[in-house]
Amino acid sequence: MSINYEIHTISNSQGSGTARHFARIVEGSPMSAQQLEHLIQDNSTLKKGDIEATLSELREQMVRELSQGHRFYIPNVGYFSLSVKLDADGKAVEKVSGKDLHLHNINFRPEASLLQEVGSKVRFRRARLTSKSVVYEEKQLLSLLMDYLSANHFITCRTMQRQFRLRETAARKWLKRFVEQGVIRREGARNAPVYIFSASNRMMY
């Protein structure tokens, strides 16, 4: 299964006057603990209770080692370590104490073999829907929407996203606005609405 990605652009990157492109992966939902336990059980001789106990003990050992300032290593997976944040603005160096340090995050450095194995299996494809909305003027988007509805009987929120490269929240906002203005009307089931011309606008187009 291919991983969806998007290409985003930062204009005038670092004040250089040029644009910088970067790729963003559209991440899928994580596997639940129950799904993981079932998969391990189906692919090994371990029982569900054994898996739960092992994962629980692994977490306990990780907490113990990290809280003592040690890196924590999972064989063939990688290393976990702490990163800290210093909150001592305005203090002289000799006045800084452990109370000024706070846990910031837990870092992960994968094994080279894990990176290589994952890298040999991943495939990428351009996402059909985008997480970054195109910015429209209202008249511009209204004109595009009217053109679409002139050739099609209705539009859905999902089609609005794909057709005009909008995020779901932006598509819903625009559809709600045009309904309130009387340009279109909402029909169909509450959880699966469609949007069509209002009667007066159908005669105009």
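## Starting from Phe72

Which strand does Phe72 lie in? Phe72 belongs to strand E3, which covers residues 72–74. Keep in mind while browsing that this is a predicted model.

Is Phe72 buried or exposed? Its relative accessibility is 9%, and because the cut-off for buried is under 20%, Phe72 counts as buried. Setting aside neighbours within four places in sequence, Phe72 is in contact with Leu58, Gln61, Met62, Glu65, Leu66, Gly78, Tyr79 and Phe80. One of these, Met62, sits 10 residues away along the chain, and the C-alpha atoms of Phe72 and Met62 are 6.1 Å apart.

## The chain as a whole

Stepping back, the chain has 205 residues, and 21% of them are buried. Its secondary structure consists of seven helices and eight strands.

For the surface, about 15,400 Å² is exposed, with carbon and sulfur atoms supplying 52% of that area. As for contacts with a separation of 6 or more, 42% are between residues 24 or more positions apart.

## Two nonpolar cores

Nonpolar side chains in soluble globular proteins tend to be buried together. Here, the largest nonpolar core holds 20 residues. Which of them touch the most other members? They are Leu145, Leu149, Ile155, Met160, Phe164, Leu166 and Ile184. Two or more residues of this core come from each of helix H4 (138–151), helix H5 (157–164), helix H6 (168–180) and strand E8 (192–197).

Leu145 is a handy residue to inspect here: apart from neighbours within four places in sequence, Leu145 is in contact with Ile155, Met160, Phe164, Phe178 and Ile184. There is also a second, separate core of five residues, and Phe72 is among its members, along with Met62, Leu66 and Ile74.

## How H1 meets H2

Two packed helices are described by the angle between their axes and the distance between the axes. For helix H1 (residues 33–42) and helix H2 (residues 48–67), the axes come within 9 Å and cross at roughly 120°. That angle makes H1 oblique to H2, and the crossing is right-handed.

Which residues meet where these helices come together? On the H1 side they are Leu36, Glu37, His38, Ile40 and Gln41; on the H2 side they are Lys48, Ile51, Glu52 and Leu55. If you follow H2 further, its range of residues 48–67 takes in Met62 and Leu66, both members of the second core and both in contact with Phe72.

How values were computed: Residues are numbered from 1 along each chain as its sequence is written. This is a predicted model: local features need pLDDT of at least 70, side-chain atom pairs count only at pLDDT 80 or more; totals for chains, interfaces and linings use all residues. Side-chain values use heavy atoms; hydrogens and water are left out. A nonpolar core is a set of buried Ala, Val, Leu, Ile, Met, Phe, Trp, Tyr and Cys residues joined through side-chain atoms within 4.5 Å. Buried means under 20% relative accessible area, exposed over 50%, partly exposed in between (1.4 Å probe, protein chains only). Helices (H or I, at least four residues) and strands (E, at least two) are DSSP runs, numbered from the N terminus. Contact means heavy atoms within 4.5 Å. Accessible areas come from the Shrake-Rupley method with a 1.4 Å probe; for residues, only the protein chains shown count as cover. Axes are lines fitted to C-alpha atoms, for helices over the stretch in contact, and angles run from 0 to 180 degrees between N-to-C directions. Angles under 35 degrees count as roughly parallel, over 145 as roughly antiparallel, 65 to 115 as roughly perpendicular and the rest as oblique. A crossing is left-handed if the near helix is turned anticlockwise from the far one by less than a right angle, and right-handed if clockwise.
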